[in-house]
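Trainee: I would like to take a close look at one part of this structure, and I would be grateful for an answer that moves through it step by step.

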Amino acid sequence: MSRCVLSALVAVITFILPVQAMDNGLALTPTMGWLHWERFMCNTDCDTDPHNCISEKLYMEMADVMVKDGWKEAGYEYVCIDDCWPSRERDPKGRLQADPKRFPGGIKKLADYMHSKGLKLGIYADVGTETCAGYPGSLGHYDTDAETFAQWGVDLLKFDGCNMPNWTLLAGGYINMSIALNKTGRSILYSCEWPLYEWQFHQPNYTAIQQTCNHWRNFADVYDSWSSVKTILDWTADHQNFIVPVAGPGGWNDPDMLVIGNFGLSRDQQETQMALWAIMAAPLLMSNDLRAIDSQSRQLLQNRHIIAINQDPLGKQGTRKVKVNGFEVWERPLSNGRQALAVTNRQEIGGPRNFPLILAILLTWKSCIPQCNVTQILPQYRELGVQVLFTKLQLPVNPTGTALLVISPATGKPCSKQQSKKWLRYLSKDKRQREVL
Ligand SMILES: *[C@@H]1O[C@H](CO)[C@@H](O)[C@H](O)[C@H]1NC(C)=O
Ligand SMILES: *[C@@H]1O[C@H](CO)[C@@H](O)[C@H](O)[C@H]1NC(C)=O
Ligand SMILES: *[C@@H]1O[C@H](CO)[C@@H](O)[C@H](O)[C@H]1NC(C)=O
Ligand SMILES: *[C@@H]1O[C@H](CO)[C@@H](O)[C@H](O)[C@H]1NC(C)=O
Ligand SMILES: *[C@@H]1O[C@H](CO)[C@@H](O)[C@H](O)[C@H]1NC(C)=O
């Protein structure tokens, strides 16, 4: 079997219809930035906790650090406000207004501040009668609120789904706000929670969602814990047949914020979150305190190799390929025929365990005919070089940690007769046998 024949075969097998994503020209790669919720929540107590309360000062300080400490340079761009920013009352004209005490300059000034630093501002609202924390909701005010955000110069809207009188109104609400944003004429990235609030009642219409939103939350809020990160990964893998095909440039599944740099994840678990968020083509919205983050977390969040996987222009979300012997193998197709591969050790007892690289490569055989170039990104960067198929390399993976690799086709030598025979033998085994190989 010639390499060319196989490549042609692969091209046919992997042909997928183009994704009909939302057409506002935004989020062609997953959004990168910072979002206050997981770390700062609804802390409005600026009297006793001025350093951490939801106020204009918090976002301005975060923006300053983002520019100063390499975050912007690494690609993090959006500084996003979550719940608890507004005043309890709309203004006399029915418009949302920022809490005057905590945002004395108003949102317009904050947006100008972000733009002056080459950053963008995100804001938060809710499709229902009230936000999740009980601030004014947008139901019945979609046009006014979209117009207000556009006038302020806002660049992203996170639109939550609490307090909708009847879940059957969710789809219409999210679509109406999408139209309202479009009508303003301002490019405003639209981050939805539509499927998250619909799943408990029925299977959401992902075709409609991808035509409406730039990204969408499917599952529960992330917490600062390994059990939370694990649950999100499991949910994603269990629903990958529904949600992966709809992801692509302009529209992404959103597994929620990165909690790296906080209190709950070990170093290995932080690496797992970063690696898998890259594999899942997830928005990289950090929720942490960039003013006081340890250097290990910073290096991980700014790791350009991982960010390049996340931002790969092909824009295909990865999937979990196999669960074997307490390991999970996830794969994401990348541009130029490359693949990213993550091997997570899900065993939470014992020490590092070896995963045979051959098994990893077999799962991504497309890149490896007759040989491939393997680069390990996590836990350490190492160029493993050009590997022929039946290599004996082992990948040690710590409990709850992840080995992340990029595998590229290595040009040059054509298949040797011997290698081709091995391939034929391998490919002639049925799928189940291959997986236990
Ligand atoms: C929600 O709306 C549907 C369709 O209009 C209706 O059949 C249902 O009774 C409503 N449910 C509630 C709790 O109001
Ligand atoms: C969305 O807009 C349509 C058309 O104007 C309207 O009938 C519907 O009630 C709106 N839905 C919501 C939730 O506002
Ligand atoms: C509004 O939608 C149209 C059609 O989908 C699109 O071409 C245009 O760029 C959108 N405008 C904005 C501001 O999002
Ligand atoms: C889902 O939404 C799409 C796009 O709006 C629509 O064409 C399709 O009929 C919907 N599917 C179902 C099952 O409602
Ligand atoms: C393998 O990939 C690494 C990392 O991208 C690169 O530096 C190296 O030149 C590649 N080697 C070959 C033979 O393509």
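Trainee: How do the residues of the shell around ligand 2 divide into nonpolar, polar and charged?

Mentor: Before we begin, please keep in mind that this is a predicted model. The shell around ligand 2 divides into 4 nonpolar residues and 2 polar ones, with no charged residue among them. To see who these residues are, start with Leu139, Tyr142, Met164 and Leu169, and then add Gly173 and Asn176, which complete the surroundings of ligand 2. In the classes used here, Leu, Met and Tyr count as nonpolar, whereas Gly counts as polar. Asn176 deserves a second look, since a polar atom of its side chain lies 2.3 Å from an oxygen atom of ligand 2. If ligand 2 is taken alone, it exposes 360 Å², and the protein buries 39% of that area.

The numbering of these residues also leads us to two helices. Helix 6 covers residues 142-152 and helix 7 covers residues 170-184, and their axes come within 8 Å of each other, crossing at roughly 40 degrees. Because that angle falls in neither the parallel, the antiparallel nor the perpendicular range, helix 6 and helix 7 are oblique to each other. The crossing of helix 6 and helix 7 is, in addition, right-handed.

It helps to set two other ligands beside this one. Around ligand 5 we find Asn373, Thr375, Tyr381, Glu383 and Val386, and by class this shell holds 2 nonpolar, 2 polar and 1 charged residues. The side chain of Asn373 places an N or O atom 2.4 Å from an oxygen atom of ligand 5, while for the side chain of Glu383 the corresponding distance to an oxygen atom of ligand 5 is 3.3 Å. Taken alone, ligand 5 exposes 360 Å², of which the protein buries 41%. The elements that give two or more residues to the shell around ligand 5 are strand 13, residues 371-378, and strand 14, residues 382-388.

Ligand 4, finally, is surrounded by Asn205, Ala208 and Gln211. Here an N or O atom in the side chain of Asn205 is 2.3 Å from an oxygen atom of ligand 4. Taken alone, ligand 4 exposes 360 Å², and the protein buries 29% of that.

To return to your question, then, the shell around ligand 2 has 4 nonpolar and 2 polar residues and no charged one, and Asn176 is the residue whose polar side-chain atom lies 2.3 Å from an oxygen atom of that ligand.

Conventions
Residues numbered from 1 in each chain as written. Chains lettered and ligands numbered in written order. Predicted model: local features only at pLDDT ≥ 70, side-chain atom pairs only at ≥ 80, totals over all residues. Heavy atoms only, no water. Near = heavy atom within 4 Å. Polar contact = N/O pair within 3.5 Å; in protein donor to acceptor, adjacent residues only side chain to side chain. Areas by Shrake-Rupley, 256 points an atom, 1.4 Å probe, with all protein chains shown as cover. Axes fitted to C-alpha atoms, helices over the stretch in contact; angles between N-to-C directions. Helix = DSSP H or I, 4+ residues; strand = E, 2+ residues; numbered from the N terminus. Parallel < 35°, antiparallel > 145°, perpendicular 65-115°, else oblique. Left-handed = near helix turned anticlockwise from the far one by under 90°.
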